[in-house]
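Me: I am new to this structure and would be grateful for a close look at one part of it. Please start from a single loop, explain each term as it arises, and then follow the connections outward.

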Amino acid sequence: MSSFFKGRKPKKNRQRDAENQAAVQSEDHIQESLSANLDVIRQKTGNSSDIVVRHLKMGRNSDVKSAIVYIEGIVNNQSIQEFLLQSMMKVDDKEKLNRDDALELISEDMMSVGNVSSFNTWEDLFLSLMAGDTLVLVDGIAKVLSACTKGGEKRAISESTTQMVVRGPKGAFTESIDTNTSMVRRIIKTPDLWMESLKVGRVTKTDVTLMYIHGIANDQIVKEVRQRLNKIDIDSILESGYIEQLIEDQTMTPFPTIFNTERPDVVAGNLFEGRIAIFVDGTPFVLIAPAVFIQFFQSAEDYYVRYDIATSVRLLRILMFFISLIAPATFVAVTTFHQEMVPTTLIVAIAAQREAVPFPGFVEALLMELTFEILREAGIRLPKAIGSAVSIVGALVIGQAAVQASIVSPAMVIIVSITAIASFATPSFDMAISVRLLRFLFMIGAATFGFYGIILILLMMVVHLCSLRSFGVPYMAPFAPFTPVNNGDTFIRLPWWTLRQRPRLISANTVREGKNQRPGPPASRGMVNRDFKEGGNNEA
Amino acid sequence: MKHKLVFLIVLMTIPVLLSGCWSKKELTDLAIVAAMGVDKTDDGKYLLTLQIINPGNVAGGMRGGGGSQSPPVTIYSATGDNMVEASRRASSKASRRLYYAHTNLVVVGENLAREEGLTTFIDAIDRDHEFRVTTTMVITHQTTAEELVKTLTPVDKIPANKVLKTLEFSQKKWGESIKTSVQEVMTDMQSPDEVSVVSGFRLLGNPNHASQLGNIQESEPESILQASGIAMIKEGKLVDWLYGGAAKGTVWILDEIQGTTINIDWKNKKEAIAYQTVRQKTKVSGQLKNGQPSISIHTRVEGSIGEMNVPVDITDVKVISRMEEEVEKVIKKDIKKAIEQAQTNKADIFGFGEEIRRTRPDDWKRLKPMWNDVYFPELKVDITVEAYIRQAGLRNKSFLSTIEENQ
Amino acid sequence: MEKAKISASQLFILMVLFELGSALLVPLAIDAKQDAWLAILLGMVFSFVLLLVYHQLYWYYPDLLPTEYMQKILGKVAGTVLAFLYLFFFMYDASRVLRDFGEMLLTFAYPETPLFIANALLILVIIYMVRKGIEVIARSGELLFILMFSLSVVGFILIVSSGLIDITNLQPVLEEGIAPVLKVVFTQTLYFPFAEVFVFTMILPYLNNPKKVRLTMICATGLSGINLILTMLINISVLGVDLTARSQFPLLSTVQTIQVADFLERLDVFFMLALVIGIFFKISVLFYAAVIGTASLFKVKSPSRLAYPLGLVVLFMSMTIASNFQEHIHEGLKLTMYILHLPFLVVIPILLLFVAFLKNRKKKGKT
């Protein structure tokens, strides 16, 4: 971790120099005088009230002046108390101390904290101070000790709220990157689980950790991800969405080309498919790259329940995807262009409903879809208590009043409701939201050219999807290009014993299971071979 | 790169927006034509009668139950020298665009069919992309197409549906009518013998009353529509009607029968036993003997006994086989009647010539020119019928036989 | 040439889509009456010979586009002229298919729409795809192939289950003997759609596995031939010979007759969409060949820049080649046969192969 960061340091220093030339005047090294150092710290932080400076006097004659500096709130007060202050203020230790070897003594004898390091530049000092370390400065020494005392309030691990499952682990990531990486580490117990950390964001200095399994992930993709991360030059990273939009292959697309999740088991599963996870401090959403289209329709639970159930549920989701994409468009096309396709009785029924509606079919559909989108957005943003009020009003407005006022026809209400419900069935929010957008495009196509418009937009969409890549991997893999062995885990999910291969275009090492994993009872218990005594009979 | 993309998007949206939806037809602007009647006027023009659905009165369950005040269909009619002209002229009466894609029924007036024939106007239906090729065609019997189309019918609110359903179920249960689509009629008339069959329909009752709402407000409607006979079309023109046994025989030979009842005489009592058919299959094959064509028809029918008006003991196997023989005789008689009538009209409605063409294409070339006039009327037809009684309902002996024993 | 590779299976799919393309639409080989299927079958078998000729040419120059190896075989000037003619041929063919498509659209669903708009919208999507390159074309082909085939299987099931098929319409076989059938084979089916795959020689150099080319080409032609035969068999057995011959688009007329379960009716518009896919790829492949060939002939560095201008050319050509559909069909069946198909798809490739054979033998002799 540190080696990687050091590699980057010179460049960063240069930038910093250029910016702050007037203020710091190339004084990037810590001075010997304690008071001067403390002054610099106060000045640089603008006398911020949460910076705590505690003066200590050590040495035989209490002549060694020293100070402890930390930031209130992001440090673990208990460990400062127990492992720093108490041990440093102990009388007998104080005696030994003298000016020259003070720092060595403090670090070796007094500080009973795990991770202690020393530096002599201001940049390192502030980096470590802001990260929640405690600094020990001694008068007369142009060096500073930093003890790792990161801490403060954290959210406890709680149940996932965005990707819920009935069966499967419940814990979701939190905002703390260390907690998050450790959760995955706890699942995958191998030294091959490699992590690379770097700080992104000129001002925020956000911790970003790259995680992959060495030997399974494709080195070239790892290199590509690393390169793209290093290229980022932005002042702040507040959420992994920043990173996602800065490293994706193409931004001019409604489709997400990087997957995100807040479930450790999903991260682990993807790591085993050769993908790379990008953890960002401050958000529970972990990025996973490269992503393929079908991945957005796979839920973690698919792998935990039995294959026949998983397959049918997945097929249902694909159906829902298409319904939410083209149901309103199809309705518009059929009622304004292709009335001959509908059975006579049905078209008469629809026509009867539409007799009093003043709008053309397309406007009616647009009106309803917009109303629904407004309701949905309002429902998300409002506090929970008021949210339910919105849904009541919405149900009344959409369901009853609009129909009775002859603004929309009941058939359109049905179509919009089906579409809405179907759009909730896509497991990935990112995909669902892009479908919401595309739906309007399809409706415009249907309104101008009926089915021809729909098929033109569908063709455009397919061509666009096929032209997308995620970190060099074709987005529509394994359908196009077609990889037969990897199709066992796409629209369908075959039993685990048949899924012997990892995705070929993503992973470097494709074999994941031994042969003959097919479960079966021991031969002696079956109907055949009843007399076969030797083999596999565990029962005495 | 970016301005190119914008250019592409602009280029794509402009035609879409400019297009302004040429072929768009809003539902509220459509007059859905359910049935179309074609007649010939005295001055030689076509009279087009269109039955247009009033959606609100047919499906208006939700907005305060419509249907009672106004009729489910509205009739517009117009004359013209050809179909397209008449149809366009009708537009001047209708407030909406006439929409023919749901026209499931074409009614041809008997006069038109007899004098001018079907061939002259059928092209308009065939060519127009809106018309369904599966549209059913019927010929009016002793009435005009206009009167038939105007008639309001109870139960099935749309009269066109009533006609279609009547045809369908009478073909399934009675077997004296046949549902033919415009396309089938056309294909038949293209075949070398240029002969076809179309079901007939008639209006019973008062034509003037039939189109009034009062007709469907009575429990016993004064005027009703009824399937009636099969029209024999030769060279596009109506030449003769087939009724009763002959009609049934025709349907038998065409292998279109889907179920019928056959009454047989028993112990001197006329039509004493009703036999219901369940499965039937007719095969027609053609041969050539000494240069003379001959046809053999083989019909196989399975069915059950539906009713016995005379005391019969059917536990006796011999009785059953005698009954089967009787059934065979009746069917054979029907078929023979149909063939005789076709032969007198020199109209090969059964496609015997087509059968010969398929099996003996070389000889057909020789027979073809004189088929309808010489060979068909003289054609020797060999009919074999196999009838089987598989079930006899819930009882074996009739309860009449117990009454008889008691006496 | 762009730096891209496609696999043998992608080539297979593109070829099948290409050959089905507009051939599914028209009453193919209907001049042979109920023996149309036989004419298609024979056309397919004879086209294998032509395929071998095309393949052998590719084998001599596996890394070169035909526009390039024509110059090697015939010399700079003659080769360039010939290559230019071929480019024109591809573009003309593309505009013909585009016209077919537009006419179908107008006839069946959008009678009031101007032909220009219908064609323009499709060619815009095609330009969009061709600009993305052969890899995207091939991948989109894979996805849409599945859609098209599942639709046609559904269609087949619907036709069979609505009991429309009347096998007797196909009898008698060879009513007039074999001669009319052979005439249809050598004037129609051999070239359209089978020999038209000559355009794929423009794509063969992108293949990542040259050894599989021959088998792939033959299998693809075989599969599409079988599909066309099945289609024509169904058309004739449902509609009868006369109606099929009178129909401008018999497959759609067949679909119109489907009536299942009282609510699946008038599905022609729906199945038109399946046909759009085939046509889309046929035009795309022809157009791509024209674009890539022009780029190589005139040394244009990025071929995608040519997509817009050439697309407009195809669009306007599709509008101007005929003033009505009947004229268009007449040109397709009678004129292009002798002026374009016979020389460009049969005579010239065979001559090229002959010259190439002599040249290569000489070379071998020397070394």
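Reply: A residue is called buried if 20 or more other C-beta atoms, placed from the backbone, lie within 10 Å of its own, exposed if 12 or fewer do, and partly exposed in between. The model is predicted, so local features need pLDDT of at least 70 and side-chain atom pairs count only at pLDDT 80 or more, while totals for chains, interfaces and linings use all residues. Residues are numbered from 1 along each chain as its sequence is written, and chains are lettered from A and ligands numbered from 1 in the order in which they are written.

The loop chosen here holds A:N47, and it joins helix 2 (34-44) to strand 1 (51-58) of chain A. Helices (H or I, at least four residues) and strands (E, at least two) are DSSP runs, numbered from the N terminus. Although A:N47 is not a glycine, its phi is positive, at about 55°. There are 9 other C-beta atoms within 10 Å of A:N47, so this residue is exposed.

Strand 1, where the loop ends, belongs to an open sheet of 5 strands in chain A, with antiparallel pairing and the order 1-2-4-5-3. Two strands pair if DSSP finds at least two bridges between them. Strand 1 and strand 3 (116-119) of chain A each have a single partner strand and therefore stand at the edges, with one side left without a neighbour in the sheet. From one strand to the next, the twist averages 25°; such angles run from 0 to 180 degrees between N-to-C directions of axes fitted to C-alpha atoms, for helices over the stretch in contact. Further into the order, strand 2 (residues 64-71) and strand 4 (residues 134-138) of chain A are joined by 4 bridges in the antiparallel sense. Here A:I68 has A:V136 of strand 4 opposite it.

Helix 2 of chain A, where the loop begins, lies across strand 1, strand 2 and strand 4 of chain A, and its angle to strand 2 of chain A is about 15°. The two elements that flank A:N47 are thus also set against each other, with helix 2 across strand 1.

A loop of chain C offers a useful comparison. C:K33 is found between helix 1 (8-20) and helix 2 (36-60) of chain C, and it too is not a glycine yet has a positive phi of about 55°. Its surroundings put it in another class: C:K33 has 21 C-beta neighbours inside 10 Å and so counts as buried.

Helix 1 of chain C leads on to the contacts between chains. In total, 27 residues of chain C are in contact with 21 residues of chain A, contact being C-beta atoms within 7 Å. On the chain C side, two or more residues each come from helix 1, helix 5, helix 6 (134-161) and helix 11 of chain C. Helix 6 of chain C gives the largest share, 6 residues. Towards chain B, 24 residues of chain C meet 17 residues of that chain. The elements of chain C that give two or more residues there are helix 4 (76-108), helix 5 (115-132), helix 9 (241-246) and helix 10 (250-256). The largest share of this side, 5 residues, is from helix 5 of chain C.

The interior can be described through nonpolar cores, that is, sets of buried Ala, Val, Leu, Ile, Met, Phe, Trp, Tyr and Cys residues joined through C-beta atoms within 7 Å. The largest of them has 335 residues, and A:I278, B:I32 and C:I40 have the most contacts inside it. Helix 11 (residues 268-297) of chain C supplies the largest share of this core, 20 residues. Because domain 1 (27-242) and domain 2 (244-407) of chain B both contribute residues, the core lies between them; these bounds come from an automatic or database domain assignment. Beyond four places away in sequence, B:I32 touches residues of two chains, namely A:I347, A:V348 and A:A351 together with B:I52, B:I53, B:Y99 and B:H102. A second, separate core has 24 residues, among them A:I30, A:L84, A:I106 and A:L145.
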